[in-house]
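Biologist: I would like a close look at one part of this model, with enough of the surroundings to place it. Please keep to what the coordinates support.

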Amino acid sequence: MQPEIRLFTPADSAGVLAMLSAIAALHCAGRPDIFLDSGAKYTQADLEAIAADPNKRIFIADLPDQPCAGYLFCQLRDANQHPPVRPVRTLWIDDLFIRPDCRSRGVGRALIEFAAAFARQMDCARVELNVWGFNQNAAAFYEQCGFHVQRQILELPL
């Protein structure tokens, strides 16, 4: 059965905060030189502020047997860059996570498709995101959804 996608409500906070802790642990395991081993990206107060921001959205995916199976944080960005960059609106996916017990059930794809439809409604030229090099499963998933490399950030550890 197809996941239902909807906007975040305060009742989702506990589930979203638990998933934020899980993704923080994944990032710490993948890049302990960058990420701390405690804390999540957002707090309860942050969730409330994001939900109130007209340029940001938190989409929640529900399965019939699993409410709050995953989330997608995104924000509208209007490029006011310098020439020769075209001024375009994009939808930036800030964070996406699917609970491990809900994976391989179409939740991630449904969230991406919903975000793309939302971006079209908001007159965006594209949807953008980044993925860490250690997270090859996520990169493969995004490629299956039609994303491709726009640019790369390279590093020289010192």
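Is S104 buried or exposed, and what is its relative accessible area? Where in the fold is S104 found, and what can you say about the helix that comes after that loop, α3?

Modeller: S104 is exposed, because its relative accessible area is 81% and exposed means over 50%. Bear in mind that this is a predicted model. S104 sits in the loop between β4 and α3. Its backbone is worth a look too: phi of S104 is positive, about 65°, although the residue is not a glycine.

The other residue to look at in that loop is R99, which also lies between β4 and α3. Here the side of the cut-off changes. R99 has a relative accessible area of 18% and is therefore buried, since buried means under 20%. Setting aside neighbours within four places in sequence, R99 is in contact with M19, Q66, P67, C68 and A69. One of these partners, A69, is 30 residues from R99 in sequence, yet the two C-alpha atoms are 5.7 Å apart. So the loop holds both a buried residue, R99, and an exposed one, S104.

Before the loop comes the strand. D95 lies in β4 and counts as buried, because its relative accessibility is 7%. Leaving out residues up to four places away in sequence, D95 touches L20, I23, K41, Y71, L72 and F73. From D95 to R105 is ten residues along the chain, and their C-alpha atoms are separated by 19 Å.

Now the helix itself. Helix α3 covers residues 107-121, and its 15 residues should span 21 Å at 1.5 Å a residue; the end C-alpha atoms are 21 Å apart, so expectation and model agree. The buried residues of α3 are V107, G108, A110, L111, I112, A115, A116, F118 and A119. A general point helps in reading such a list: an α-helix has 3.6 residues a turn, so residues three or four places apart point the same way. The cover over the buried residues of α3 includes strands β1 (4-7), β2 (56-63), β3 (66-78), β4 (89-98) and β5 (126-129), together with helix α4 (136-144).

After α3 comes D123, which has a positive phi near 60°. D123 belongs to the loop between α3 and β5 and, like S104, it has this positive phi without being a glycine. D123 counts as exposed because its relative accessibility is 65%. The loops on either side of α3 thus each hold an exposed residue, S104 before the helix and D123 after it.

For comparison, take helix α1. At 1.5 Å a residue its 18 residues should span 26 Å, and the end C-alpha atoms are 26 Å apart, so α1 agrees with expectation as well. Its buried residues are S13, V16, M19, L20, I23, A24, H27 and C28. Three of those names have already come up: M19 as a contact of R99, and L20 and I23 as contacts of D95. The cover over the buried residues of α1 includes α2 (44-52), β2, β3 and β4. S13 is in helix α1, residues 13-30, and counts as buried because its relative accessible area is 5%. Residues up to four places away in sequence aside, S13 touches F8, Q44 and L47.

Finally, the setting. The protein has four helices and five strands, in the order β-α-α-β-β-β-α-β-α from the N terminus on. Its radius of gyration is 16 Å, close to the 15 Å that the globule rule gives for 158 residues, so the protein is as compact as a globular protein of that length. The C-alpha trace spans about 50 × 45 × 35 Å along its principal axes. Of the 158 residues, 37% are buried. Among contacts between residues at least 6 apart in sequence, 64% join residues at least 24 apart; the pair R99 and A69, 30 residues apart, is in contact. The exposed area is about 9900 Å², of which carbon and sulfur atoms supply 55%. There are 15 positive and 18 negative side chains, and the centres of the two sets lie 6 Å apart.

Methods:
Residues numbered from 1 in each chain as written. Predicted model: local features only at pLDDT ≥ 70, side-chain atom pairs only at ≥ 80, totals over all residues. Heavy atoms only, no water. Helix = DSSP H or I, 4+ residues; strand = E, 2+ residues; numbered from the N terminus. Expected span 1.5 Å × (residues − 1). Buried < 20%, exposed > 50% of the residue type's maximum accessible area, 1.4 Å probe, protein only. Contact = heavy atoms within 4.5 Å. Rg over C-alpha atoms; globule rule 2.2 N^0.38 Å. Areas by Shrake-Rupley, 256 points an atom, 1.4 Å probe, with all protein chains shown as cover. Lys, Arg positive; Asp, Glu negative; His and termini not counted. Charge placed at Lys NZ, Arg CZ, Asp CG, Glu CD.
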